[in-house]
Amino acid sequence: MTKNQARQDPAHGVDSRESHNRSAVLNPTKTGDMTEPDPPRVLQVRPTLRALKLLPTDEPDVAAERTVFDRAKSAPDADTRRHILHEHRLGQMQYSLLNDVRTILEQGGMPDRHTASSKAAGRTVYEARSHTGAGWRGAFVLEGDVMWLVFASPHDRFHSTAADFIKKGTWLPGELDKKLAAQDAESIRRRGWRVDALTTILDALRETTTEQRPVEFELADTTRSNACTLRLESEPIDEPAPTADLAHTTSGMLTVTLLIRGADHKDLIQPIIDILALVRDSAEEQEQVYLKGGDLQLVWIVSHARLSQLTAAVNDTTDMVAQPQELPTPTALHYVNTSVLAAAFVDGTAVYSLCGQWFVPRLDGSARLPVCQECEERKPWAHAVLDGLRS
Ligand SMILES: [Zn+2]
């Protein structure tokens with residue numbers, strides 16, 4: 001398991017479909033009376049570097065971020081320091097106090113106001129409680145779209161120390177804090193774009209597969225100032241297998257054409273190619289050619305089983321079991337909800353399948369796997385795909 005995965009899939013507690021996306025954009029849901037003011041849009045919940053130093057280091061993410069901080073502090077020059085600081089992912093840090101606030105925001109609420117600290121600060125200071133371990137408390141302030149943890153202490157000392165800490169001054173996020181937050185915001189935005197773009201591509205793939213016609217659609221860049229048209233087509237190579245359990249023995253040719261003529265799409269093409277690479281097994285034959293006029297065509301051969309997995313679009317729910325520490329290497333291609341599958345491809349994290357198994361949808365070495373018969377039983381999708389190809 002990579003460091004990144006460990007951070008996005010906290011080992012503690014029962015994981016949920018949303019939890020590995022928790023570090024993504026938090027969008028408090030509107031509830032209740034429509035006349036209520038909109039809750040503030042919070043993109044990140046993160047500690048200031050000053051607050052980070054106060055947190056208990058027996059928490060793995062706290063320890064990891066502290067190590068980055070200490071290394072940066074002892075860096076020989078500014079360049080090295082900047083380079084090390086790029087490793088910080090404080091906006092995605094998994095820590096009980098931060099997660100408490102994220103949960104409250106996700107449910108459309110706001111943390112409680114801490115009276116003494118608010119008085120000392122001359123502005124609203126929120127209080128959060130950790131529900132695990134030694135029961136820490138944290139003081140938070142909202143600046144722009146960032147909820148900053150500015151102070152933390154064990155619960156029995158919080159009330160007597162929080163206001164004093166604030167009275168001392170220099171407790172607000174500093175220049176470097178804001179720089180790191182901007183850096184995280186950019187990576188959150190980029191990740192969000194990748195998940196959305198891949199979801200759009202998988203939706204188009206489903207359309208071209210089920211309707212057996214080319215599908216054209218647009219993908220805009222992260223700033224929405226530039227868009228590129230894509231055309232997706234799938235053609236049979238083999239006679240479709242007679243039954244779903246043999247779907248891995250026959251293949252089709254998938255063609256993605258990026259219509260890029262006459263426009264400056266340089267910033268858009270590489271990210272799209274990178275995304276398409278996420279859903280391509282290196283064992284699958286592939287080709288990338290520039291056509292006359294500048295369009296780019298990517299062609300690869302996929303088994304009908306793989307095509308079924310990528311387009312299954314599960315909506316049914318299965319009771320989720322906790323994610324095990326060690327995940328077995330999949331021996332079959334399971335079906336998953338499209339946007340969940342897209343996020344897992346982008347993040348390299350595990351997903352829960354329709355048949356009730358956790359797996360990381362890595363593609364390498366799975367080009368020739370059959371579809372999972374249990375998933376297929378619940379949703380006869382490979383059957384439908386093969387049927388569609390035959391008609
Ligand atoms: Zn399955």
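Which residue in S10 is the bridge partner of Thr257? The legends below take us there by way of several close-ups of this predicted model.

**Figure 1. The whole chain, as a starting point.** Before zooming in, here is the setting: the secondary structure of this predicted model comes to 13 helices and 12 strands. The chain has 391 residues, and buried ones make up 39% of them. Taking contacts between residues at least 6 apart in sequence, 64% join residues at least 24 apart.

**Figure 2. Strands S7, S8 and S10, with S8 paired to both of the others.** Here is the reply to our opening question: Thr257 has Gln297 in S10 as its bridge partner. That pair belongs to the antiparallel pairing of S8 with S10 (residues 296-303), which extends over eight bridges. S8 (residues 251-259) is also joined to S7 (residues 227-236) by eight bridges, again in the antiparallel sense. To find your way in this second pairing, look for Glu233, whose bridge partner in S8 is Thr255.

**Figure 3. An open sheet of five strands.** Follow the strands across this sheet and you meet them in the order S1-S5-S4-S3-S2, with mixed pairing. S1 (44-47) and S2 (112-113) are the edge strands, each pairing on one side only.

**Figure 4. Strand S4 and its two partners in the sheet.** S4 covers residues 136-143 and is mostly covered itself, with six of its eight residues buried. With S3 (residues 126-129), S4 forms an antiparallel pairing over four bridges; in this pairing Arg129 stands opposite Arg137 of S4. With S5 (residues 146-154), S4 is again antiparallel, and eight bridges join the two strands. Here you can pick out Trp136, which stands opposite Pro154 in S5.

**Figure 5. The hairpin of S4 and S5, with helix H7 lying across both strands.** Two residues lie between the strands of this hairpin, and Gly144 takes a positive phi near 60°. Helix H7 takes up residues 155-167 and runs at about 120° to S5 as it lies across S4 and S5.

**Figure 6. Helices H8 and H11 packed together.** How are two packed helices described? By the angle between their axes and the distance between the axes. For H8 (residues 175-211) and H11 (residues 338-347), the angle is about 130° and the axes are 8 Å apart. The two helices are therefore oblique to each other, and their crossing is right-handed. On the H8 side, the contact is made by Arg191, Arg194, Val195, Leu198, Thr199, Leu202 and Asp203. H11 contributes Thr338, Ser339, Ala342, Ala343, Phe345 and Val346. Sorted by character, the residues of this contact are seven nonpolar, three polar and three charged.

**Figure 7. His334 and its surroundings.** Look for His334 in the loop between H10 (304-311) and H11. Is this residue buried or exposed? His334 counts as buried because 25 C-beta neighbours lie inside 10 Å, and the cut-off for a buried residue is 20 or more. Leaving aside neighbours within four places in sequence, His334 is in contact with three cysteines, Cys355, Cys372 and Cys375, as well as with Ser353, Leu354, Gln357 and Phe359. Leu310 makes a handy landmark for this view: His334 and Leu310 are 24 residues apart in sequence, and their C-alpha atoms are 9.4 Å apart in space.

Terms used:
Residues numbered from 1 in each chain as written. Predicted model: local features only at pLDDT ≥ 70, side-chain atom pairs only at ≥ 80, totals over all residues. Buried ≥ 20, exposed ≤ 12 C-beta atoms within 10 Å, placed from the backbone. Pairing = 2+ DSSP bridges. Axes fitted to C-alpha atoms, helices over the stretch in contact; angles between N-to-C directions. Parallel < 35°, antiparallel > 145°, perpendicular 65-115°, else oblique. Left-handed = near helix turned anticlockwise from the far one by under 90°. Contact = placed C-beta atoms within 7 Å. Nonpolar A, V, L, I, M, F, W, Y, C, P; charged D, E, K, R; others polar.
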